[in-house]
Every structure is written in C-alpha cells, then in structure tokens.
Amino acid sequence: MNGPTTIITDPSDNDEKKFAFDYSYWSHDGSKEQADGYYGPDPSHPNGKKFCDQKRVFEDIGVGVLKNAWEGYNTTLFAYGQTGSGKSWSIVGYGVNKGVVPMFCEQVFKGIDEKKTAGEKTEFEVMFSMLEIYNEQVRDLLDSKPPKRGGLKVRQHPKKGFYADGLQITPVSSYKEIEDKMEEGTRNRTVAATNMNATSSRAHTIVGMTFIQKFVNAAGEETTKSPLINLVDLAGSERAESTGATGDRLKEGAAINQSLSCLGNVISALADRSNGKNTRVPYRDSCLTKLLKNALGGNSKTIMIAAVSPADINYDESLSTLRYADRAKQIKTTASVNEDPTEKLIRELQEENEKLKAMLGGNVKMEVMKDDDEDLTDEELAKLKQEMEEEYKSRLETNAKEMEEMHKTFEERLAEAHAHGGGQHLAEILEKKKKMPYLSNLNMDPQLSGHIILFIEKPEVTIGNSKGSCDIMLKGPSIVENHAIIREDKGAFSIEPSEANVRMMRNGKLVTNKTELKYNDRLIFGTTQYFVFVNPKDKSAKDAPVVNFEMAQEEIAKKSGFDVTSENKTRDEALLKEDIVELMPAVEECNSISEELDKKMKFELMVVSAEARGELKGRTEVMVRVVNLETKHEWIWPREKFMNRKFLMQEMYQNFMEGEEWDLPKDKETEERDPFSEDYEAEFHIGSVKIWLQSLAYHIEIKEQLDITDFKGQEVGLLNVELIPCDKKGKEYTENDDVFVNSPDELKGKDVNFVVKILSARGLPSQFTDIYLKYLVYHEDKYTCSNPIKNTINPDWNHKRVVNFTKADDELLKYLSESAIMVQIWGKQKPPKTKKSINTKQAILSDALRKGQTSAANTNTKVFDSDKVKYMMKVAMLEKRQQQMQNKIDALNRMLELADQHSKKKISTQLIKNIYHAPTHDQAEKCLKLVEKEKDDGNDEDDTEFEAAVLSKDQPDNKRGKSGNSSSRSSSSMSSKSGKKSKSSSFCVVL
C-alpha cells in the first residue's frame, strides 16, 4: 500500500499490478499491542508508519457514514473479500479494537444523548434488523424459530423498492441492545450453519439500522427523517473454479453461488452505465441484488471495504477482490434526504391500501410494477403478473401494520420488544462462562465460532438428537437419540458414548469408551457438530492456546496419515493443506448423509498429483473417490464437482429432516436428479503412462513396456510403446541409417520427425470396456485419440502417428531433452449385472473398522515415484548411446591395429571419417579392409575409392555431407619422416 495505491505482485513471475482507490490501508504488521489491548502503530517496525489502526479507519470512513445518517441519507457499507482476510476486523473488530459499526453505533447514541441533554425536542428512534441470504433464501436472524421453507419472500414496494416480507425490525435504545441483538442473530445463524456444516463464506449477512428523527419543520409540520444504514457482509471471494469444468450436469448447489455472481453482473452493468453505455441492470436475478438495489444504483451513499490477504497462496483471490472493487468504484449513485411530513406518510399508506383493495376486488386493472431502468422480457412480465395478487395481499398487511406502529410511541414499541425478547443477555452469558464448565462451538468460519455455549450444569449431562429427552439436543447427520454422556466426579470430567458405534471423536481419535475430558479438548459429535470443552476452574486454563476449527481438523488429518504441517511449505503445498482441511469434514458429512438416507454410496478423500491425473504439470490436488457399495463401481470426482454435489446432498437431508418430500429421481437426463447418483457409462480415467522423450533428442528409438498407474499410484497394467525417428513421410530410420547425434544441439535448425506407436495394453482391470488412449504432444491443445476397444483386458490399438517439427529451435530441443508425452488410458465401467443388497451404515462401518477411522483412499505422504520411469528410460537411452560410441571406438582401435600390421605411417582423414561414421559393423569392416591399400605417399584417387566403398546409394543425403566430399577435404598432412608438407592435402598423421 502506497497512499491510495494498492500494488499486488504475482509470486510466480513478479508481475506487478496497481489499483487506485480512495484509501489503501496496511494492517498486516507494524502494530504494537498497548496496555489496554488496543493495537496501534509500532514506530520501531519498518511498517509502523503505514500501519492503519481502527481509529483511523473510522475517521476516514465511519465519520462520513455518521454524518450521512444525521443528515437523512441512506448509507450502505459493503465488506467484501476472502474469508479470513480481515473483513470482520475492519467492520466489527474485536474487544477494545472496535470496528466501524460499533463505533458508529456508539456515536449515534452518544449524539442522541447530547441533543436530549441540550434540550432538543426532536424524537429519536433506532430500529434494528438482521438477515442472511444463503442458497438464494432469505432468513430472519432475529427469529430463533426454524425458518420457513423457501425463506422470506422478497417483494417490491413502489416507493421503498425491494424488501424482505416479514422481517423483524426491532426498536433498540442503546448500543448494548444492538450488541445483544447482533449476538442473538449470530447465534441463530451459527445453530443453522452448524447443523449442516455451512459457512459464512457461502452466505451474505445484511444488518439494517433505521435512524428516525421526528421534529417540527419550519412550516410547522411534524416531519420524519428516516435514513436506512445497511452493513452488508458479502460471502467470501473464495478460490473456486467453474463447475462447468467438472462435466457435472446437476445445477450448482441450488444456486449456492448465484447471488455473488449476480452482484458482479450488476456492478459491471452499473459501471458500464456510469461510463455512458445504455446497459440493462439485472437486479432481479438474485435476492441479494434485489435487496441492495438502492445501495448499488439508487438512493444511497455507498462505501465498499475490500479486504485482501498478503499471503502468496491467496494471490488469485486477492487479485479478484481488487478487480471487483476497482469495477465497483466506477458506479455513481444519487442520494436524497429521506424526509417527509408524518401526516403525508400516513396518508400515502392509506391511499395505497385503498388502491390495493380495489385491485384485489377486480375494480382496477392490475399493473405490473417495473423500474424505469428495467427492460423486462414478456416472460418476466408474465411471471410478475402471476405474483401480483400475493404481492398486493402482503403489502396490505404490511401497510396496516406500519400504520398501527406509527400510532404507537417509541417507548411502547420498545417495551413490547423487551417483553418478547427473552433469552439471556450477552453480559449474563459472559459472567456465567467464568464460573461454569461448558462446550463452545467451533466452525470453519471464525465468525461463527464461540457463539453456541452449552453449559454443563449437572453431574451427568446427556447429549442426543431431538427425538429423545436429552439435556443437550444437537441436530445434524449421525447424531443419534442417545449419543453421549458427560459426567463430573469431584471436579474431574469424562465423556462416553451412550450407544455402540456412534460417531464421536476427542482430539482426532474415536471415542469408544469412557474418556477423561481436559481443558480445550476438541469434541466432534456426528459429522458437523464441533465443540471445545472449557472448564474455567481448570488450573491449566491460563496457559492454554486458543483452539480453532482448523486446529481440530489438522489433528484429524494428521492422525489419518496426511501431512498438514505448516513449516517449510511451498505455495502449492499450502494450498493442498487448505484443501485437505476443507474437504475432510465434507467427506465425512456426505458419508453420514448417505448412511441416514441409505444411499449405498461411500466417499473417500484422495490426494492426486498432476501426473496421476494424466497431466504433465500442475499442483497436487484433493479429489474424492466415490464407491457404489452394492455394485463396487467407482468414480473420481474433482473438488468442485464434489462440493457442488455436497450442497445438494445437504438440501436433500434438510428436506428429509423436516419431513418434506426429499428423494429425487436417478434419471441422468434431468438437472433435478439425485446428487448421489452417477452414470455407469461415464468415461473413467483408468491410468496414465509418462513416456520420456530424451532418446529422441539423440535420434535414438524408444521401444518400451511401461507401467500404467492409476490415481493412487498403483500399477494397473502395462503399455507397449515405440517412438522411432523417421523422415517427413514417416519412413523409420534403422541402424543402417547413421542418424545418431552426440548432442541435441546438432538438431537445431533441422527438421525433427518421429513416429509414435502405441501398440497395446496388457492386464488392465476387468471391469472396463470401450478402452481407448489419448495424449498431447508439445504445445497441442487437442488430444490425439485411438479407437475404443470393447470387452478385453488386453486391448490392441496398433495406434500410429507421425509427428513432424520443422526447424527445431531451443524450446523444442528442451522439450525433447527434458519433457515427455503423457498417455491417458480411458474406458467405461461395465454395467452391474446383479446388485448385492446391503445397508449403507453397516457397510461403511465395516470398511472403517478395516481401514481406520477416516474416509481416505490415500494420503499425501504416499507419493508414487514418478521419476522411476524417467530414470529407467534414461538408462536405456544412455546404454544405447554408449553402445554406439563403443562401436566407433572399437572400429578406430581396429584401424590402428591394421595400420601397425601393415606398417602404415599415415591414413587419410576421409578413411578415418568413413570408419568413424560407419552406421553398421559390416560397413565399418568394409572400410577397415581399405587400410592395407593406403599409400604413404598419398593419392587423391584413393579418396574416391574410399567413398564408393562406404557410401551406399540409399544413405540419407544429409549424412553424405557428414562423411565429407571433395571440396571439403582440404586438411594439410605432414610426412612422419621429413616433417615437410606434401603435395596432397587429404592426409594426416595418425602415429
């Protein structure tokens, strides 16, 4: 950060990108904790001068929001960025390091108190609401009851715009009440999220505050100024590849990502419109963009805070966030003061109600309400008309309630809210936590950790699901009626399962009998309920580290054989660790859902290298092996496809738990099919073979039988391959053709041609048919494929292809010397003949007892030795090169022997060249027979005889040049006796 400029550097190539904003803050380091716990700039740190503390952020941003609120302008504060990048720190803060929102709320109530003390007759009212948008459903977070199916309806008011129908808007009289309400909302949100292991990275939260000021204006009219202040915590801008790349036909998790992508489309369209383009803005495409229409392009002053991480592993996410914010800053809004006479507001509500009644009675034609900036299609208009009757009925009820509220005093509404509030205040809970042991929840999202507090108030506390009468009731997959018992005996605590084979873990290990509980022990009930045990009376509490969800996951992964240490990790290894920690609980959850719904499917985590996926380069990734427990068929799902299916499985399980129609058809032609189902005819990657090309860089043929390895690095068959140098037309060179080169550099600027022959595979798994191969060469982007072979484990493809390169350059020579061709073997699984009827839960339990406690097909510590084949082929190539060089040396040694035998003092350079370059032993022998005919006085005519003896008419033209010609034989020769130059220039001394 440099002034208003943010600079981000690509860790792969050090390429810099610059972005300019109104403010660019640095808060990663350069701070120092003060005595009261507040983090301020550290003058001794190199980044101390540019460190931005919470007070400075409020002075730059929060003061403007506060001023807007007092003046009557709607204001929206967006928080956007990757989960964990610091959004919550800037917006909410922690402890004494309060963020923008707490300081804003404090200043509002401080200002109210000051004005009341000064004797102002203005009436002040503050209303609070909190909602969440998850999976395109709107939920009131101040409502502790289970949400209605489909969530709150988003409706449109002709003046106020879009709103959530039925959302509780509660009066509050102090910041403490706001704090309690926010804690209540977060707690309700956490309960729902924990039940299904959802995280805030997939959900948006909107906290709304309406700041009402009632006063008498200059004309003597009672006037109401009512600005709305929205805090919008957007879903995390996480690393996510397109689900289209997975080949999955199911729709994306019932629009799990729809709202964020729609928001991007709206921001992009508004930016284009601000730049003069006449663009339709698609507000209606998601609930989020409907509710934020005013904030984005209407009557509001809007601020976006974009949080980015400085970690190199988060470069892609940080760059995406910066681009998002850069686009958003181009949007222009037009804000106006929300001020109207109170009587006018009541009159408008009455008039609107009369009009709505007339429309519902059929006396007035219903008119579709659309905005001036919307160009709706006929289909959209028809859909809107169908919704009108329900819409008008809802508006009638809402208006009637609003008019009723207007006739009440603020104190009356406040008293009603307190009477219906119920529950414990935050201060009471905090005080109780100091004295009594409890379980505190852990969540993948740090914002949701620590909000569910389950106190251990009796010597024996039972835990189970809602079907029983346990002291602590938990919901979620694999939570049984009587799940566990926590006991206290003379200050010591223990936990034990209430039934056999329940899913429960302590510090990464299965709990099968009575186990002692210690401070900060991590407990997992079922697959989604994560807790930490806290006993405030434990002496070790002072020195205990802070426990988080990632820590709990890492210890499970470690005990399962995965390497999840953080020391000395590369960027790719750090990303792999993130994926393992993210997918392990997801895999366990899907297995639990499969058990409860008896779906006959089992999921296993796999760590797969690029080579195991059949790719030459790329990072090691986490994938999921899916096994049909009845038929033993299996599939490999990429991370994106699995996560997509997981959200649909969660939705199916939620419907099951609520007693709704939950099962879906297995028809592969529909998008609404069962997320557990998979197509038997889907193509399956059986395995891969890496064929190193180094031999071709020396024009040496490759003929090998190589191991085919699958995703887990296990050998699943053999592949017979040949790569042979040839001419442009594909005529293969043989040993009779002297095409061998001592260095790949000799091929530079020349044509390089070779034949790829993939003859057959042997010993492939018997469950596959329609087996074929495919591969890429050099910079190709389209695969070369063979014909599929049916019903055999030993397919004979006899595949042949000629590869031509003209004028080899350094890049090609490097490819031949150092790289390879990756051949992928694909096929289809044979359809099941008979199904063995099994129980999913029993089958998974038996497998777990046999393999271990977690669902992992392999780990990242068992890496297949991918260099084995490379070294084997390199050794074979070196052996061939050595044999060719040995043949040349043997021929030269034989020449020297013959020279001594026939008392030759000198031999022509041409004969030496012909002996050295003789492609075969027979041709070398023909040349050696000419040694005895050598004349010591020299004779040019002999050269012609030598050439005729060794250069056959079918030898490649370019090799004739290598053997020399009459114009090139100009080397001088000296007599061994006189040391004087002779008349001939084609002899040399070889004594």
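A salt bridge is a side-chain nitrogen of Lys or Arg within 4 Å of a carboxyl oxygen of Asp or Glu. Keep that in mind as you look around this structure, which is a predicted model.

**Salt bridges**

By that rule, the count here comes to 45 salt bridges. Let's look at three of them.

| Pair | Closest N to O distance |
|---|---|
| Arg503 and Glu595 | 2.6 Å |
| Glu555 and Arg522 | 2.8 Å |
| Arg639 and Glu640 | 3.8 Å |

Start with Arg503 and Glu595, whose closest N and O atoms are 2.6 Å apart. This pair links distant parts of the chain: Arg503 sits in the loop between β23 (492-497) and β24, Glu595 belongs to helix α14 (residues 571-597), and their positions lie 92 residues apart in the numbering. Both Arg503 and Glu595 are buried.

Next come Glu555 and Arg522, with side chains that meet at 2.8 Å, N to O. Glu555 is part of helix α13 (residues 549-559) and Arg522 is part of strand β27 (residues 522-525), so this salt bridge ties together parts that are 33 residues apart in sequence. Are these two residues, Glu555 and Arg522, buried or exposed? Both are buried.

Then there are Arg639 and Glu640, which meet in a salt bridge at 3.8 Å, N to O. Both of these residues are buried as well. They also belong to a network of salt bridges that links them with Asp579, Glu582 and Arg619.

**Two open sheets**

Now for the strands. Strands of a sheet pair through backbone hydrogen bonds, either parallel or antiparallel.

One open sheet has five strands in the order β21-β20-β22-β23-β26, and its pairing is mixed. Its edge strands, each pairing on one side only, are β21 (472-473) and β26 (515-517). Strand β20 (residues 460-464) runs parallel to β21, and two bridges join them. Which residue of β21 is the bridge partner of Ile463? That would be Ile472.

Another open sheet has six strands, ordered β19-β18-β28-β27-β24-β25, with antiparallel pairing. Here the edges are β19 (453-455) and β25 (509-510), and each of them pairs on one side only. Two bridges join β25 to strand β24 (residues 504-506), and these strands run antiparallel. Arg506 has Lys509 in β25 as its bridge partner.

**Nonpolar cores**

What about the greasy side chains? In soluble globular proteins, nonpolar side chains tend to be buried together. The largest nonpolar core in this model has 47 residues, and the members that touch the most others are Leu719, Leu723, Phe754, Ile758, Ile821, Val823 and Ile825. Strand β35 (residues 752-762) supplies the largest share of this core, with five residues. Zoom in on Leu719: leaving aside neighbours within four places in sequence, its contacts include Val689, Leu706, Ile758, Trp797, Val823 and Ile825. A second, separate core of 41 residues includes Val532, Phe562, Trp635 and Phe642.

**A helix and a threonine**

Why is helix α19 (residues 909-916) largely enclosed by the rest of the structure? Because six of its eight residues are buried. The buried ones are Thr909, Gln910, Leu911, Ile912, Asn914 and Ile915.

Finally, find Thr170 in strand β12 (residues 170-172). Thr170 has a relative accessible area of 9%, so it counts as buried, the cut-off being under 20%. Thr170 and Leu414 are 244 residues apart in sequence, yet 7.9 Å apart in space, C-alpha to C-alpha.

Key
Residues are numbered from 1 along each chain as its sequence is written. This is a predicted model: local features need pLDDT of at least 70, side-chain atom pairs count only at pLDDT 80 or more; totals for chains, interfaces and linings use all residues. Side-chain values use heavy atoms; hydrogens and water are left out. Two strands pair if DSSP finds at least two bridges between them. Helices (H or I, at least four residues) and strands (E, at least two) are DSSP runs, numbered from the N terminus. Buried means under 20% relative accessible area, exposed over 50%, partly exposed in between (1.4 Å probe, protein chains only). A nonpolar core is a set of buried Ala, Val, Leu, Ile, Met, Phe, Trp, Tyr and Cys residues joined through side-chain atoms within 4.5 Å. Contact means heavy atoms within 4.5 Å.
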